[in-house]
Amino acid sequence: VLKKGIGIMTDFAKLHEDVCFRKAGGKVIWQPRIDCWISDRMFANGELPGIYKGMTKAEIYRELGCSARIYEYNDCFYPVYDDTIHYSVKTEGELQTETMETPVGTVTHVLKSTPSSWAKLVAKEWVCSEEDLKVFTYIEQHTNWAYSQEHFDKTMAEWGNLGAPTIFMPRVSMQRLYIDLMGVEEAVYALMDYPETVEEYFDALRECHFRLIDVINQSPIKIINFGDNIHSGTLSPALFEKYVLPEYQMRCERLHKAGKFVCAHFDGDNRGLMQYYQQTGLDGIEAITPVPQGDVTLEEVHENLGDMFLLDGIPAVYFDEEFPEEVLVDCVHKILDLFAPNLILGIFDEISSTGDIERIRMVGKIVEEYNRSVEENARS
């Protein structure tokens with residue numbers, strides 16, 4: 001067990017895994033993400049306020065008495081390009097330029113620093129033409145994957161039993177074009193102007209990700225997320241059915257054969273895609289956006305998920321002081337009533353930089369009381 005301020009800590013890693021694989025006897029886990037709250041304060045002030053000053057992220061989670069979704073394990077898996085691909089990066093002032101040189105062409109990506117955070121804005125997308133996309137087809141065809149036990153051990157030492165090892169995979173098909181390579185508008189035009197080239201790229205991407213899955217399946221990491229940021233405002237049912245749904249089904253089949261728990265990140269609007277939840281092959285869905293931030297109610301989410309898991313559920317705005325604590329408390333109880341035990345309770349998507357961090361602790365107490373009642377009912 002770990003000790004930090006609040007006393008003896010739960011073995012959240014075991015609880016996390018037990019919940020995912022339905023071995024927790026009806027208990028649930030409270031697993032909020034707080035990176036935004038931390039990073040915005042560190043960027044603005046160089047330090048965190050009050051008792052959190054000088055703490056690491058892991059220490060903050062221990063102080064708050066909650067589990068962490070430890071995506072720091074992502075870097076256990078890394079791409080290995082063959083000798084024909086050369087990657088370089090150059091920084092000049094506020095611009096950072098990445099370059100990938102291949103026998104079939106060279107592509108570049110330019111990022112620009114911002115004054116408000118450590119995040120960078122895209123000044124030039126990787127893919128601006130059909131020829132650029134052909135270069136990326138070549139890159140995917142000549143990329144393999146490797147696993148770092150050293151990084152796994154380092155992450156385990158840093159985070160301990162705050163959560164089970166977890167990763168998210170690279171984005172599929174349309175989401176890869178939208179978010180990583182082209183932007184939404186240019187990706188839609190590409191699908192209309194040169195569909196064969198787009199689909200050849202999707203084929204290469206799929207095979208590349210299958211090679212990654214082969215490595216994942218040999219690893220000790222059991223909880224796998226598809227980090228796609230699915231949003232029905234940009235992904236129509238027709239596009240989802242044709243380009244995303246089959247990818248999810250194929251990925252899930254391969255991962256489930258190795259005993260993995262599989263979920264995906266759906267944020268933004270969801271109403272147009274809810275009917276596909278149970279067709280995906282996923283065990284659960286992360287970050288579905290409920291009202292008042294999104295376009296679906298918790299009741300609608302419950303109806304469409306069936307016995308799939310909900311990961312998150314609480315609107316982030318309920319951690320801001322403009323909403324009374326009672327609104328947050330009522331929401332937590334509603335989520336428990338609707339979704340437990342198929343629930344990894346969290347915040348959609350994170351607590352904001354303006355949120356009250358102490359409300360994290362308050363939700364944790366509600367979950368502790370719920371889990372105690374589950375134990376008592378099991379004994380009686």
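This section describes the sheet, the hairpin, two buried helix residues and the largest pocket of a predicted model. Residues are numbered from 1 along each chain as its sequence is written, and side-chain values use heavy atoms, with hydrogens and water left out. Because the model is predicted, local features need pLDDT of at least 70 and side-chain atom pairs count only at pLDDT 80 or more, whereas totals for chains, interfaces and linings use all residues.

Helices (H or I, at least four residues) and strands (E, at least two) are DSSP runs, numbered from the N terminus; two strands pair if DSSP finds at least two bridges between them. An open sheet of seven strands, paired in parallel, follows the order β1-β13-β12-β11-β10-β9-β8. Its edge strands are β1 (29–30) and β8, each of which pairs on one side only. At the β8 edge, β8 and β9 pair in the parallel sense over four bridges, with T166 opposite I223 in β9.

Strand β12 (residues 309–315) is mostly covered, seven of its seven residues being buried (under 20% relative accessible area with a 1.4 Å probe, protein chains only; exposed is over 50% and partly exposed in between). Strand β11 (residues 284–286) pairs with β12 in the parallel sense over three bridges, and I285 stands opposite L310 in β12. The chain passes from β11 through helix α10 (residues 298–305) to β12 in a right-handed β-α-β crossover; right-handed denotes that, with the strands pointing away from the viewer, the path from the first strand over the helix to the second runs clockwise. β12 also pairs in the parallel sense with strand β13 (residues 343–348), over six bridges, and G346 in β13 is the bridge partner of G313. The connection from β12 to β13 runs through helix α11 (residues 325–339), and this β-α-β crossover is likewise right-handed.

Antiparallel pairing is found between strand β3 (residues 86–92) and strand β4 (residues 95–102), over seven bridges. S88 stands opposite T99 in β4. The two strands form a hairpin with two residues between them, and G93 in the turn has a positive phi of about 60 degrees.

Two helix residues were examined individually. V301 lies in helix α10 and counts as buried because its relative accessible area is 2%. Apart from neighbours within four places in sequence, V301 is in contact (heavy atoms within 4.5 Å) with M274, I288, V296, L310 and F339. V367 lies in helix α12 (residues 358–379) and is buried because its relative accessibility is 4%. With neighbours within four places in sequence again left aside, V367 contacts V28, W30 and L345.

The largest pocket holds about 1,000 Å³ of space. Of its 43 lining residues, N74, F168, M169, P170 and R171 are the closest to its centre. A pocket is an open set of points on a 1 Å grid over the protein atoms alone, where a 1.4 Å probe fits, with protein on both sides within 12 Å along at least five of seven lines; lining residues have an atom within 4 Å of a point. Volume is the space filled by probe spheres set on the points, which are joined across faces, edges and corners. Elements supplying at least two lining residues each include β2 (77–81), α4 (130–141), β8 (166–169) and β9 (223–230); α8 gives the largest share, five residues. By class, the lining has 24 nonpolar, seven polar and 12 charged residues (Ala, Val, Leu, Ile, Met, Phe, Trp, Tyr, Cys and Pro are nonpolar, Asp, Glu, Lys and Arg charged, and the others, Gly among them, polar).
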